[in-house]
Amino acid sequence: MNNKKTILIIGFALFASFFGAGNLILPPFLGFNSGPDWWLVTLGFVTSATVIPLLALFGHARLQGTMLDFGNKVSPLFSLVYCLCVYTIAITLPIPRTAAVTHEMAIQPFFNTPSLLTSSLYFGIAFIFIMKRDSILSILGKFLTPLIVLILLAIIIIGLFTSPESMNTSTLEAPALVAGLLEGYQTYDALGGILIGGVVIISLNLEGGISFEDKKTIIGKSGLVAATGLFIIYAGMIAVGALHNTEFEASITRPELLSGLSLKTLGNIGNLFLSVLISLACFTTAVSVIVGTADFFKGLFKESQLAYTITAIISCIIGVLVGQFDVHYIIVVALPALMFIYPLTIVLILLNVIPKKYATKLVFKTVVLVTFIFSIPDFLGFLIEADWLQNVKEIIPFAKENLGWALPALVTFIVINLIQSLKQRDA
């Protein structure tokens, strides 16, 4: 086997998997609101949308098992519940969002039809592909991703060299670095890293004849290839959104901004082409994730085809109902779920990539428990009145920035390791 060729192939496949078309609407809007602070929000956004997913792949390279292995050191039951939560979130938020993005970018500007019709047709056709598992999606994916990347690179390059001299100041409410970090949650890429990494492991195992260490190397280097591509696109689109923020109304939506930037840089034909390609890419992403979710539940019920079909039907019904709402609404609704699942995901990823002597079962259990407890105010902050949590958030460091779990988790990690180290020394 040619490892270099394999690394590039898997690297491009990983990039295409992470490169959810819906995510493209996030970076320009973040840059638009950050103005001169765009480089700070880029650091935050890239951390949660590129670095953490890359570390998830490194975790898979070490474990070389399934998604369930990420939480098994806490307990098998916890790991199962965590996986169920991730799959549930996947089919109720980011997947319906692909239909909303398709409507706002490719249907609404040209046809005066209701969003419910778009989401109904979208997931009706998706269900056919899900049940047939048609290979046309993988073929489309191979052509769609390079075309979208070329168009985005054109937008970035032209946008950087044709920007106005002036720039509006930042309108972000949170510190720029934190705003970028939290907006990166909306890409769902950390969750994607845990989901996709398991698929890569299965693919390499099916190839056969690849040693544990070779698989580790291939996954690690392929992840770097994918992360480099994501960094270039994310950073470039944030910069362009910031540099051109004087040319659009403050009330502009995320899809409108991406369409507006493509129109200014590529003209009407380029904008139309981008809208169609992004819609097709959204569709392939939706089908792929629902198929993966249905496969997971099929496995839980002893390879039951009925479980696969029921999961597919439920996923598509949810897609129709949630996908009729506008993109901004779906992003806002997602915040509580992300504040619940993302801290746990980040901690599980980090604990699975550090040296094993620092990540014992006790460390896993205590750090995950503390993370869960201290992320509750962040989660509740989007469900109840902020005044009710004011006293709590003033006590917990960084809680006002919705990162109240971070310092307690770090302190717990250090303290437990110190205690274990002292015990080993005394023994």
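Which helix gives the most to the lining of the second largest pocket? I would like to come to that by way of the whole chain, and I should say at the outset that what we are looking at is a predicted model.

Let me begin with the overall fold. The protein chain has 16 helices and zero strands, and its radius of gyration is 22 Å, close to the 22 Å that the globule rule gives for 427 residues, so the chain is as compact as a globular protein of that length. If you follow the C-alpha trace along its principal axes, it spans about 75 × 50 × 40 Å. Of the 427 residues, 51% count as buried, and when we take contacts between residues at least 6 apart in sequence, 82% of them join residues that are at least 24 apart. On the outside, the chain exposes about 19700 Å², of which carbon and sulfur atoms supply 69%.

Now to the pocket itself. The second largest pocket holds about 680 Å³ of space, and of the 22 residues that line it, the closest to its centre are Leu-172, Ala-179, Glu-183, Arg-254 and Leu-335. In character, the lining divides into 12 nonpolar residues, five polar and five charged.

As for the helices, α2, covering 26–34, α8, covering 176–185, and α13, covering 327–351, each supply at least two residues of this lining. To return to the opening question, α13 is the helix that gives the most to the lining, with five residues.

Terms used: Residues numbered from 1 in each chain as written. Predicted model: local features only at pLDDT ≥ 70, side-chain atom pairs only at ≥ 80, totals over all residues. Heavy atoms only, no water. 1 Å grid on protein atoms, 1.4 Å probe; cavity = no way out; pocket = protein on both sides within 12 Å on 5 of 7 lines; lining within 4 Å. Points joined across faces, edges and corners; volume = space filled by probe spheres on them. Helix = DSSP H or I, 4+ residues; strand = E, 2+ residues; numbered from the N terminus. Nonpolar A, V, L, I, M, F, W, Y, C, P; charged D, E, K, R; others polar. Rg over C-alpha atoms; globule rule 2.2 N^0.38 Å. Buried < 20%, exposed > 50% of the residue type's maximum accessible area, 1.4 Å probe, protein only. Contact = heavy atoms within 4.5 Å. Areas by Shrake-Rupley, 256 points an atom, 1.4 Å probe, with all protein chains shown as cover.
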